[in-house]
Amino acid sequence: MLGGDCYPASPLGINLPNADWIRKEVGSKSVTLANITNAYDEASKGNGFLEEFAAGPEEVARIKEYGTIADALHTDLHECVGHASGKLAAGTDPNALKNYASPLEEARADLFALYFMMDKKIIDLGLLPAREAAEAEYDAYIRNGLLTQIVRIKPGKDIEQAHMRCRSTIAHWVYEKGKSGNVIEFISRDGKTCVMIRDYGKLRTLFGELLKEIQRIKSEGDFEAGKKLVEDYGVKVDPMLHTEILERYAKLNLAPYAGFVNPYLFPVYDGNGKITDIVVEYTDDYLAQMMYYGKNYSFLPVR
Ligand SMILES: [Zn+2]
């Protein structure tokens with residue numbers, strides 16, 4: 001069941017607690033909601049989005065083969081070894097990064113996942129079937145950060161949400177730093193802007209370099225460096241590209257966010273009033289569910 005801030009749009013994983021001092025003393029716990037990821041994947045199959053924005057049929061085929069497992073591993077690494085790792089230097093104010101703390105922390109966790117998922121050890125351990133799976137995740141991440149996530153932004157607006165700022169910061173930083181070595185390239189496919197990764201090994205090295213820098217920023221509480229990184233790479237949207245992406249996206253007629261409806265759980269009683277079973281019933285009517293909750297679970301006084 002989803003509730004509160006997690007209904008109807010659910011997180012993909014949960015890593016708690018967030019306070020660094022509690023983590024340091026007792027550690028943290030991570031939960032991955034694999035059924036949510038699976039539902040997103042199933043719902044997005046065949047909606048045309050991937051084919052519209054991927055660089056070509058090779059990339060599409062690789063995502064179809066490895067996308068689900070690679071994405072799941074990215075989420076696991078993000079939560080378990082990303083957020084749950086890293087220490088503050090002695091004397092560092094845990095609130096030093098202020099309003100930039102959240103996008104920088106998400107970037108640190110994402111970079112951890114991106115860097116380590118291409119390690120040979122991941123394949124040796126059987127966590128990914130092949131290196132191409134990590135490449136598929138790199139394709140998806142860069143495509144999203146440089147192109148497709150801005151479908152959620154209104155024309156002329158900046159990127160505000162922490163996870164989106166994080167993805168934009170990472171993708172634009174590695175693009176710029178890898179420009180001279182032709183690591184990532186903007187290409188035109190039938191007049192449509194796409195991105196193509198030319199060198200996965202160098203891209204991995206760049207992910208590692210940015211991870212090192214963001215860890216330093218967090219550990220030392222370097223507010224100015226953190227602010228500059230996010231403001232330079234994570235906030236602004238290229239208006240020309242934005243217009244093109246929004247136009248292509250509008251033609252697909254898709255919703256920018258997905259939400260979930262809860263099942264209804266009905267208890268079954270025996271003659272003595274003891275619960276013997278719980279029957280699960282699914283609905284596809286979101287609005288009716290909201291009205292039902294409002295009617296039956298409205299705990300605030302109505303005046
Ligand atoms: Zn996170």
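This report walks through the domain layout, one helix pair and one arginine in a predicted model.

## Domain layout

Let's start with the big picture. The domain assignment splits the chain into domain 1, covering 4-252, and domain 2, covering 264-296. Take the C-alpha centres of domain 1 and domain 2, and they sit 38 Å apart.

## Helix 8 against helix 9

Two packed helices are described by the angle between their axes and the distance between the axes. Here, helix 8 spans residues 162-177, while helix 9 runs over residues 200-220. Their axes come within 10 Å and cross at roughly 120°. Angles of 65 to 115 degrees would count as roughly perpendicular and those over 145 as roughly antiparallel, so helix 8 and helix 9 end up oblique to each other. As for handedness, helix 8 passes helix 9 in a right-handed crossing.

Who's touching whom? On the helix 8 side you'll find Ile170, Trp173, Val174 and Lys177. They meet Leu203, Leu206, Phe207, Glu209 and Leu210 from helix 9.

## Arg204 up close

Helix 9 also holds Arg204. Its relative accessibility comes out at 16%, and the cut-off for buried is under 20%, so Arg204 counts as buried.

What does the side chain of Arg204 reach? The backbone oxygen of Tyr115, at 2.8 Å. Tyr115 turns up again among the residues that Arg204 touches, together with Phe116, Met118, Asp119 and Tyr138. That list leaves out residues up to four places away in sequence.

Methods
Residues numbered from 1 in each chain as written. Predicted model: local features only at pLDDT ≥ 70, side-chain atom pairs only at ≥ 80, totals over all residues. Heavy atoms only, no water. Helix = DSSP H or I, 4+ residues; strand = E, 2+ residues; numbered from the N terminus. Buried < 20%, exposed > 50% of the residue type's maximum accessible area, 1.4 Å probe, protein only. Polar contact = N/O pair within 3.5 Å; in protein donor to acceptor, adjacent residues only side chain to side chain. Contact = heavy atoms within 4.5 Å. Domains from an automatic or database assignment. Axes fitted to C-alpha atoms, helices over the stretch in contact; angles between N-to-C directions. Parallel < 35°, antiparallel > 145°, perpendicular 65-115°, else oblique. Left-handed = near helix turned anticlockwise from the far one by under 90°.
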